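Subject: Structure for your review

Dear colleague,

Please find below the structure that I am handing over to you. My notes on it follow directly after.

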Amino acid sequence: LFFNDTATTEIYTRSIVGSVRCVQETEDIQLTAVIGFKGNVVDGLILHPDNEHLIYPLGSTIVVRHVISRTQQFLRGHDNEISVITLSSSGKYIASGQRTFMGFQADVIIWNFETLSLIHRLKLHKVLVQGLSFSHNELYLASLGGEDDKRLVIWEVATGKGLCGNSAGTDAVNQLKFYNNSDDQLITVRNFGARIWKVDYVNKKISPTEINLGGMKR
């Protein structure tokens with residue numbers, strides 16, 4: 001913290017000293033854990049299926065917090081702020097995407113939750129990763145680029161290879177999601193419409209069906 005005013009600096013210093021003395025005199029109050037949470041990532045606070053771990057992004061780091069023991073572990077692999085995070089249905093995999101600078105690639109990372117290790121680093125999107133979604137059987141991961149990218153890509157989780165992709169449209173897309181019971185259908189949503197996508201894994205194609213919402217805004 002920086003203060004240009006000398007009086008303000010003195011008052012702030014006295015406040016800190018007073019607070020330290022207060023903590024020293026009050027032995028019953030102990031600091032046991034610290035949580036930093038910005039809350040600017042959509043669906044960024046995730047409860048693991050084991051009901052014991054909270055997973056959330058903090059800057060370029062993913063925090064894995066054990067609720068019962070109040071311990072924290074960290075996943076570090078991004079070089080800029082995380083923009084999206086998701087968890088597979090069983091909790092086996094974590095996927096995270098980031099934002100970066102104009103003209104640079106924005107990485108997607110697939111993590112192993114059990115070992116807390118990096119499995120694949122996926123490089124294709126630019127500037128921003130807008131959305132991520134695992135298929136219900138955890139075989140595939142769909143990723144969506146931001147306004148400067150607008151590409152929809154399907155990845156194979158086991159190998160980290162891109163299987164197929166397409167432009168998500170001219171308008172910015174807000175979110176995407178695999179169907180709950182199908183690994184070859186997903187939906188993307190934008191302000192004034194939505195698209196259902198059908199994935200052909202044999203021919204490596206993905207094709208959309210437009211859903212027109214008229215004047216209704218999402």
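Glutamine 175 has valine 189 as its bridge partner in S14. The two strands concerned, S13 and S14 (residues 185–190), run antiparallel and are joined by 5 bridges. They form a hairpin, with 6 residues between them. Please note that this is a predicted model, and that the values in this message are computed from it.

Valine 189 also has a partner in S15, namely alanine 194. S14 and S15 are again antiparallel, here with 6 bridges between them, and the hairpin that joins them passes through 2 residues. Strand S15 also contains glycine 193. Is glycine 193 buried or exposed? Its relative accessible area is 0%, so glycine 193 is buried. In sequence, glycine 193 is 18 residues from isoleucine 211, while the C-alpha atoms of the two are 5.9 Å apart in space.

I turn next to the open sheets. One of them consists of 4 strands in the order S5-S6-S7-S8, and its pairing is antiparallel. At its edges stand S5 and strand S8 (117–122); each has a single partner strand, so one side of each is left without a neighbour in the sheet. On average, neighbouring strands of this sheet are turned by 20° against each other, direction ignored. Within the sheet, S6 and strand S7 (residues 108–112) pair in the antiparallel sense, over 5 bridges. In this pairing, serine 96 stands opposite isoleucine 109 in S7.

A further open sheet, also described by its strand order, is S9-S10-S11-S12: it has 4 strands, and the pairing is antiparallel. Its edge strands are S9 and strand S12 (162–167), each of which pairs on one side only. The average turn between neighbouring strands of this sheet is 15°, direction ignored. Between S10 and strand S11 (residues 151–156) there are 5 bridges, and the pairing is antiparallel. Leucine 141 has its bridge partner in S11, and that partner is tryptophan 155.

The aromatic residues deserve a separate paragraph. How many aromatic pairs does the structure hold? There are 2 aromatic pairs. In one of them, the rings of tyrosine 93 and phenylalanine 134 have their centres 6.1 Å apart and their planes at 25°; planes under 30 degrees apart count as stacked, so this pair is stacked. The pair links distant parts of the chain, with tyrosine 93 in strand S6 (residues 93–98) and phenylalanine 134 in strand S9 (residues 129–134), 41 residues apart. Tyrosine 93 counts as buried because its relative accessibility is 13%, and phenylalanine 134 counts as buried at 7%.

Tyrosine 140 and tyrosine 201 also form a stacked aromatic pair, with 4.1 Å from centre to centre and 15° between the planes. Tyrosine 140 lies in strand S10 (residues 140–145), and tyrosine 201 lies in the loop between strand S15 (193–200) and strand S16 (205–212), so the pair ties together parts that are 61 residues apart in sequence. Which of these residues is buried, and which is partly exposed? Tyrosine 140 counts as buried, with a relative accessibility of 13%. Tyrosine 201, at 22%, counts as partly exposed, because buried means under 20% relative accessible area.

Finally, a word on the largest pocket. About 680 Å³ of space lies in it. The elements that give two or more residues to the lining of the largest pocket are strand S5 (82–87), S9 and strand S13 (173–178). Two of these elements have already appeared as edge strands: S5 in the sheet S5-S6-S7-S8, and S9 in the sheet S9-S10-S11-S12. S13 was described above as the hairpin partner of S14. The lining of the largest pocket comprises 33 residues, and those nearest its centre are Asp43, Ile85, Thr86, Leu132 and Leu176. By class, 15 of the lining residues are nonpolar, 13 are polar and 5 are charged.

With kind regards

Technical notes:
Residues numbered from 1 in each chain as written. Predicted model: local features only at pLDDT ≥ 70, side-chain atom pairs only at ≥ 80, totals over all residues. Heavy atoms only, no water. Phe/Tyr/Trp six-rings, centres within 6.5 Å; stacked < 30°, edge-to-face > 60°. Buried < 20%, exposed > 50% of the residue type's maximum accessible area, 1.4 Å probe, protein only. Pairing = 2+ DSSP bridges. Axes fitted to C-alpha atoms, helices over the stretch in contact; angles between N-to-C directions. 1 Å grid on protein atoms, 1.4 Å probe; cavity = no way out; pocket = protein on both sides within 12 Å on 5 of 7 lines; lining within 4 Å. Points joined across faces, edges and corners; volume = space filled by probe spheres on them. Nonpolar A, V, L, I, M, F, W, Y, C, P; charged D, E, K, R; others polar.
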